[in-house]
Amino acid sequence: MTEHERTQVIDSSEETRLLTEVWRSPPGFFGWFTHVNQTSIGKRFIITGFVFFVLGGLLAALMRIQLSAPENNFLPPDLYNQIFTMHGITMMFLFAVPIMEGFAIYIVPLMLGTRDMSFPRLNAFGYYVYLIAGVAMYLALFLGMAPAVGWFAYPPLADARYSPGMGVDFYATVITFMEISALAAAVELIATIFKQRAPGMSLNRMPLFVWAVLVMSFMIVFAMPPLMVGSVMLALDRTVGTHFFIPGAGDPLLWQHLFWFFGHPEVYIILIPALGMISDILTTFTQRPVFGYTALVLSLVAIGFIGFGLWVHHMYTTGMPHLASNFFTAASSMVAIPSGVQIFCWLATLWGTRPRFATPLLYVLGFFFIFVIGGLSGVMVASVPFDTQVHDTYFLVAHFHYVLIGGAVFPLFGGLYYWYPKLTGRLMNETLGKVSFWLTFIGFNLTFFPMHYLGLQGMPRRVYTYLEPLGWGDINLFVSLSAGLLALGFLSSFINIFWSLKRGEPAGDNPWHADSLEWGTSSPPPAYNFRHIPVVIERHPLWEYQEGQDIPVVTGIRSDRRELLVTSLLDAHPQYRAVMPGPSVWPLLLAVAVGIGFGGFMFHNIFPVVGFVLSFIALAGWFWPRELTREVREESS
């Protein structure tokens with residue numbers, strides 16, 4: 001080794017030491033509450049999301065036990081209503097959206113070649129809001145105060161006359177509070193994707209998962225506020241006697257419009273990031289660029305736009321004018337076009353290749369089968385006459401589980417098996433993964449496909465029991481037993497997660513020979529993600545260089561403070577260096593203060609004032625000038 005090379009090694013070692021010291025998260029119990037790094041917060045979203053997935057699954061198991069026999073008394077009606085309401089709230093609000101955002105928060109900065117999110121403390125604040133909201137909802141359930149009106153909470157059933165008690169108050173207040181978390185994550189993802197891409201990563205070189213997250217984030221920004229406005233109006237109707245949704249003085253249908261303007265895009269908010277996962281998994285396991293990159297991007301954007309034009313198909317039976325019904329029938333059917341483009345592009349990608357049938361790809365192939373069935377039944381219920389026949393029956397239960405579990409949960413588990421090596425540094429057990437897939441796939445179809453038949457036979461959804469002469473008992477028992485097989489499939493995946501943490505085969509940096517930048521750093525990545533910011537010259541950066549060949553990098557980014565590179569929006573040209581804030585407890589304290597303001601509103605009008613004052617104090621601490629802030633200002637001047 002020459003003197004120059006020895007000097008370089010010493011310099012690299014010193015640089016790595018500095019980066020590690022600057023970007024590390026504080027250790028210990030109290031330090032845990034100050035973490036702001038994207039990898040820490042992303043993992044917390046993912047783990048918490050899976051905890052709520054398990055809780056939601058346990059609630060579903062209780063429902064299936066109740067429905068496994070006619071006139072069953074396993075659960076009393078009011079508790080059953082609370083359980084099926086909490087199952088919907090858990091899966092839609094506490095699992096699906098947060099876990100997709102969690103994967104995005106962890107993976108997207110790595111894919112972009114940057115060191116952190118644009119607003120690290122906002123990132124942490126969003127997580128604490130989500131955690132507090134979820135704990136509050138389950139606290140209400142364990143106290144017997146959970147809402148019992150369905151996750152949609154239609155007035156007038158949800159107003160104070162027909163739903164006395166605190167259940168709907170919890171729903172309206174916590175839902176509003178929880179959406180702050182989703183909006184915070186969406187805003188920072190948009191800013192990070194637009195302004196922190198590695199130099200050279202123009203928009204047409206972004207990985208498809210990043211495109212999907214960008215579309216998802218914009219949908220959240222536009223879809224969540226109507227729900228927040230509606231839930232605030234519902235809370236005011238119940239607490240201070242306004243009449244927004246009271247029949248006569250107000251209009252209950254106004255709630256349905258506000259709710260479903262959020263509710264149907266919510267389906268695509270969950271689905272679209274899953275589509276991005278599928279594209280990246282297919283690229284890796286076929287070892288070829290995905291077919292129709294531009295068509296896939298445009299179809300993602302089209303699904304995002306069209307997703308806002310479908311909400312009324314949830315309301316055909318409310319007496320809509322024929323012209324409106326015709327318009328929304330056409331719009332609902334139209335979404336099949338970009339969805340079909342996605343499917344055909346993926347099939348073209350697979351065509352003629354010899355794919356590696358590892359567990360992530362199996363989950364993607366399972367998605368094809370299940371999502372196509374869900375899409376076909378979706379076209380059926382987009383038609384007014386058919387929807388009128390099967391409205392509020394188990395046919396719809398089957399349809400939306402095929403769309404949501406097939407469209408989101410299968411790709412999500414594929415993504416979990418795919419990125420697990422990056423998160424933990426170890427591979428998941430392949431044999432157990434394949435067993436898990438087949439149990440999940442078979443159990444899912446045996447559980448939900450018979451529900452189509454139950455719906456066509458007239459079995460209504462949201463009922464806690466049914467009479468024996470109706471003849472639905474045998475099929476319901478079969479469905480409940482099949483649900484046990486489905487649960488076994490998910491359980492084996494969770495066993496695999498824990499088993500592989502200690503005993504999994506070491507993964508190395510890029511075990512799948514993938515193409516995108518997250519595989520260009522160590523597994524798991526260091527706190528600073530990349531020692532040097534990479535430069536991108538092609539759409540598949542890791543495939544452009546031979547093994548052992550270094551990727552060109554940007555130099556000049558300081559290692560002695562949390563600094564990252566900001567680039568231009570379209571072509572990712574370097575613009576300036578930005579200094580990121582470090583660990584802080586203020587995001588947690590602000591989340592608690594806002595939570596006091598929201599939660600206390602259910603008990604007394606003074607609490608919003610208390611929450612405002614505490615929030616002001618927390619924000620003052622959050623933004624209080626520090627030595628680093630003064631240093632940055634001096635550099636700017």
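Start by selecting helix α9, residues 293-306: its 14 residues reach 20 Å from the first C-alpha to the last, close to the 20 Å expected at 1.5 Å a residue. (That expected span is 1.5 Å times one less than the number of residues; helices here are DSSP runs of H or I with at least four residues, strands are runs of E with at least two, and both are numbered from the N terminus.) You're looking at a predicted model, where local features need pLDDT of at least 70, side-chain atom pairs count only at pLDDT 80 or more, and totals for chains, interfaces and linings use all residues. Residues are numbered from 1 along each chain as its sequence is written, and side-chain values use heavy atoms, with hydrogens and water left out.

Stay on α9 and colour its buried residues: Tyr293, Leu296, Val297, Ser299, Leu300, Ile303, Gly304 and Ile306. (Buried means under 20% relative accessible area, exposed over 50%, and partly exposed in between, with a 1.4 Å probe and protein chains only.) Residues three or four places apart in an α-helix point the same way, because there are 3.6 residues a turn. Now show what covers those buried α9 residues, which includes α7, α8 (252-286), α10 (322-334) and α11 (336-350).

Next, select α4 (residues 77-112) together with α6. Their axes come within 10 Å and cross at roughly 15°; axes are lines fitted to C-alpha atoms, for helices over the stretch in contact, and angles run from 0 to 180 degrees between N-to-C directions. The two helices are therefore roughly parallel to each other (under 35 degrees; over 145 would be roughly antiparallel, 65 to 115 roughly perpendicular, and the rest oblique). Want to see the contact itself? On the α4 side, try Phe93, Ala104 and Ile105, among others, and on the α6 side pick residues including Tyr171, Met178 and Leu189. Contact means heavy atoms within 4.5 Å.

While α6 is up, find Asp169. Which residue is its salt-bridge partner? Arg238, with the closest N and O atoms 2.7 Å apart. (A salt bridge is a side-chain nitrogen of Lys or Arg within 4 Å of a carboxyl oxygen of Asp or Glu.) Asp169 is in α6 (167-195) and Arg238 in α7 (208-239), so the pair ties together parts that are 69 residues apart in sequence. Asp169 is buried at 9% relative accessibility, and Arg238 is buried too, at 13%. A search of the whole structure turns up 10 salt bridges.

For another one, jump to Arg462 and Asp392, where the closest N and O atoms are 3.2 Å apart. Arg462 sits in the loop between α15 (430-456) and α16 (473-503), and Asp392 in the loop between α13 (384-390) and α14 (394-424), so this pair links parts 70 residues apart in sequence. Add Arg461 to the selection: salt bridges that share partners join Asp392, Arg461 and Arg462 into one network. Check the backbone at Asp392 as well, since it has a positive phi of about 60° although it is not a glycine.

Last come some backbone oddities. Most residues other than glycine have a negative phi, and most peptide bonds are trans. Go to Asn529, in the loop between α16 and β1: its phi is positive, about 65°, and the residue is buried at 0% relative accessibility. In that loop you'll also find Pro524, joined to Ser523 by a cis peptide bond with omega about -5°. Finish at Pro155 and Pro156, whose peptide bond is cis with omega near 5°; Pro156 lies in the loop between α5 (120-142) and α6.
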